[in-house]
Number of protein chains: 2
Amino acid sequence: MCTNHIFPICMLLSLLLGACQPGQQQPSSQDEQMIAAIFEESLEHGQAYSNLEQLCKQIGGRLSGSVQAARAVTYTRELMEALELDRVFLQEVMVPHWERGPAEVAEVYPKDAPPHRLAVCALGGSVGTNGPLRAQVVEVKDFEQLSSLGREQIAGKFVFYNRSMRAQFIQTFRAYGSAVNQRTQGAMEAAKYGAVGSIVRSMTQTIDDYPHTGAMRYDEQLPKIPAAAISTQAAEWLSIQLQSQPELELMLEMHCQTLPDTLSHNVVGEIRGSEFPDEIILVGGHLDSWDLGEGAHDDGAGCVQAIEVLRIFQALGIRPKRTLRAVMFMNEENGLRGGRKYAELAKELGEHHIAAIESDRGGFTPRGFTIQAEGTALKHIQQWQPLLAPYGGRELVKGGGGADIGPLREQGTLLIGYSPDSQRYFDYHHAATDRFENVNRRELQMGAAMIASLVYLIDQYGLK
Amino acid sequence: MCTNHIFPICMLLSLLLGACQPGQQQPSSQDEQMIAAIFEESLEHGQAYSNLEQLCKQIGGRLSGSVQAARAVTYTRELMEALELDRVFLQEVMVPHWERGPAEVAEVYPKDAPPHRLAVCALGGSVGTNGPLRAQVVEVKDFEQLSSLGREQIAGKFVFYNRSMRAQFIQTFRAYGSAVNQRTQGAMEAAKYGAVGSIVRSMTQTIDDYPHTGAMRYDEQLPKIPAAAISTQAAEWLSIQLQSQPELELMLEMHCQTLPDTLSHNVVGEIRGSEFPDEIILVGGHLDSWDLGEGAHDDGAGCVQAIEVLRIFQALGIRPKRTLRAVMFMNEENGLRGGRKYAELAKELGEHHIAAIESDRGGFTPRGFTIQAEGTALKHIQQWQPLLAPYGGRELVKGGGGADIGPLREQGTLLIGYSPDSQRYFDYHHAATDRFENVNRRELQMGAAMIASLVYLIDQYGLK
């Protein structure tokens, strides 16, 4: 058992015994005390923040198939081995291997002015340009406008998608959802009308000069055209230029390519349950990240929080009734192979995951959880709101669990997503700014404690 | 009326008319729509963030009595004049004038090692050292320990207060409250036992190398000894050194001094009420700040939010029933003269402030408000929780209003404090890191909209 400080074990024992008395099923003042102890442990002695620093600064961005992703597997396996869990193991999974190559260039040639460079990056999965690709640019807001322009006005040109994320959506993920199809489907839609390339305004509400990458996909029946993102500043600038110079030309050069699939791994750590070892409670995040930043909020935060949950249980001497697993999923960003493989193996082995909690919305201050359930199952979780509210966990609402744990749903697992405050997330998401310096220690550790508290309650009381 | 964008006035009028129907007293779906419009205005077209940039970058730290404080008076007066309010005016107030002078030095002389410098700053109001001041150091955690050591072990030495803010307090202001007497009273307590100076661990939960200043006070019956803060890193280091070398000496040199009181001003902007002009609703922050940083969170944020509340009313074409005032108070940090003067003048003029809302806890994401009331008055505000909750304003709880508005209390004003998330506040508070870059645009603008929404509701329905 890993203990890095003195804890009043006698008090803890009495709390545990109190909470486990036969017949007692409802949250009690002992639970209050245990959750206070979990937060104290995380805020006073937490290791999630220093672990994240290592992951970001010693390894950095870790796209599936990269050397950095392999190092992250080794690093997190070793981290969990040092916790002296009951079991730490890897799951083999073949992942896509896309490489950006040398830095991309986008240049625009205004009349009577020198060439102007735009902050640009290839979208993940894009083909390269095979040398400089120069053409005119047509700006659209959505696929309807694209369709109305038709092949006549699109063929041979770049399509520039410039619909911004709506600032007034308070949940920024909703704003993202309202705009992201430009990135994921923009190239295939543009290809229908003979475009030579797709340029998308970065998926962020901030106006700055960092391009934000992210996944895109092709339609195998259509030509594969290069797809890039430009910064919001560049998008604003380009849009203004196009108003006065609709024949403006843009040159794009990208060297990205897709290599053969590569062997990689999910990383799993486990504390075996003392009473119901066959009932698994999973906490997880994804270990891969985009390559432009350090994958700090997305999703280094979720990984170190999942490990921290197990560490907190060890440090406080809480022997769970059920089996707890921390899972670092590989390849969430551009394939979801890790999540699919995990569910496939769980099914093969006949494992029973009663609940899975994913943290993949950044290491920000806690707001609550989204629960992929309704009726009794949702109410069962919501009864614990008074215990979590003092720590910011006031919002226990119906909502999605998370991409990596999604494939477990058909096995009857209750899926839960950790919900931190979302205001700053898209400032950093998939950009060079997603680095360790933009994570706050207390906010990250509060999140770990919030997840550990919910795991503790599910472990104590099960799911009805 | 200042309108910087097209707004559907017809929709607004219908909202307003709807909300004002005779006999209608309770929040309605019109209120929901108006609050949505307030947030949209703030997030899409907000000016609080760019105003804060000007205040921080063109003026900077603005301690009472400084040239920068005078510039901030002019700047915010002009900002409000540009809004074409009904009235913008200054209130004269004499304020203390303390100056830091050249950078402070603290140096320690370990055995068999070169001198070691500590990150240090004078506390506001401290006397200087009158040249280098060198003495041994006695570390204590609190005044009880100081008292038990007594004059014999304290006389002729520095007292080093090293009790940290407790990490496990979720409301960080509570942690601050548990530690700050070391800073405010440390020097006078140490002087009782003949200490030559007082050194306090900075009031922050972060371990870094920035010293945090703040107010301290003397007992006129006791010797005035120099008082300084060292960074938390320096405090940790010094504490370890003292364990092995209790006779370690420290040299402190500070050139700070108190000059004669200076004429300064509160800055007030007003929209006159259409139905009940004699009922004033005040929103405010304090314009002065400590000198080490830019006074971004403390309290530039509160000032630009107060102005933004009036701007939002103007931009949306909301003519309030009651009189709205934005007040930039001068001298909160080291004297509270502005707050006292404001209340004094209000009394003289027979003004009736029904409510005063202060924003002085940073420009972070909204959590709610603390209301200095109980019973019916508290419940009256709490009935609006469902309207504010979707924007993060879930916590409408009993609590303090704010330092500047405090003196209005005896006039029967309902005092309310804006409560943003508190996790990051003390990372920056009173330190060089309290600069514009550490404020997030969305979080700041959300705060302005949250305050504007409460002002709107108080204006619509009054206080019963």
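Helices (H or I, at least four residues) and strands (E, at least two) are DSSP runs, numbered from the N terminus. This is a predicted model, in which local features need pLDDT of at least 70, side-chain atom pairs count only at pLDDT 80 or more, and totals for chains, interfaces and linings use all residues. Residues are numbered from 1 along each chain as its sequence is written, while chains are lettered from A and ligands numbered from 1 in the order in which they are written.

**Exercise 1.** Work out which peptide bonds joining Asp298 and Asp299 are cis, and where Asp299 sits.

*Solution.* Start with chain A: a cis peptide bond joins A:Asp298 and A:Asp299, with omega about 5°. A:Asp299 belongs to helix H9 (residues 296–315) of chain A. Now chain B: going from B:Asp298 to B:Asp299, the bond is cis too, with omega near 0°, and B:Asp299 is found in helix H9 of chain B. For background, most residues other than glycine have a negative phi, and most peptide bonds are trans.

**Exercise 2.** Check the sign of phi at B:Glu84 and locate the residue.

*Solution.* Phi of B:Glu84 is near 55°, which is positive in a residue other than glycine. To place B:Glu84, look at the loop between helix H4 (67–82) and strand S1 (87–99) of chain B.

**Exercise 3.** Describe how H3 and H9 of chain B pack.

*Solution.* Step one is the geometry: helix H3 (residues 48–59) and helix H9 (residues 296–315) of chain B pack at about 135°, with their axes 9 Å apart. Here axes are lines fitted to C-alpha atoms, for helices over the stretch in contact, and angles run from 0 to 180 degrees between N-to-C directions. Step two is the label: H3(B) and H9(B) are therefore oblique to each other (under 35 degrees counts as roughly parallel, over 145 as roughly antiparallel, 65 to 115 as roughly perpendicular and the rest as oblique).

Step three is who touches whom. From H3(B) the contact includes B:Leu52 and B:Leu55, and from H9(B) it includes B:Val304 and B:Ile307. Two residues are in contact if their C-beta atoms, placed from the backbone, lie within 7 Å. By class, there are 8 nonpolar, 3 polar and 1 charged residues (Ala, Val, Leu, Ile, Met, Phe, Trp, Tyr, Cys and Pro count as nonpolar, Asp, Glu, Lys and Arg as charged, and the others, Gly among them, as polar).

**Exercise 4.** Do the job again for H3 and H14 of chain A.

*Solution.* The axes of helix H3 (residues 48–59) and helix H14 (residues 441–461) of chain A come within 9 Å and cross at roughly 115°. H3(A) and H14(A) are therefore roughly perpendicular to each other. On the H3(A) side you'll find A:Ala48, A:Tyr49 and A:Leu52, meeting A:Arg441, A:Leu444, A:Gln445 and A:Ala448 of H14(A). Sorted by class, that's 5 nonpolar, 1 polar and 1 charged.

**Exercise 5.** Characterise the contact between the chains and relate the two copies.

*Solution.* Count first: chain B and chain A each put in 20 residues. On the chain B side, H2(B) gives the most, with 4 residues. That side splits into 7 nonpolar, 6 polar and 7 charged.

Next, superpose: a rotation of 180° with 0.0 Å of shift along its axis puts chain B on chain A (RMSD 0.0 Å), using least squares on the C-alpha atoms of residues with pLDDT of at least 70 in both. The two copies are thus related as by a two-fold rotation axis. In chain B, the C-alpha nearest the axis belongs to B:Arg394, 4.1 Å from it. Finally, 95% of the interface residues of chain B are also interface residues in chain A, so the copies meet through the same surface.
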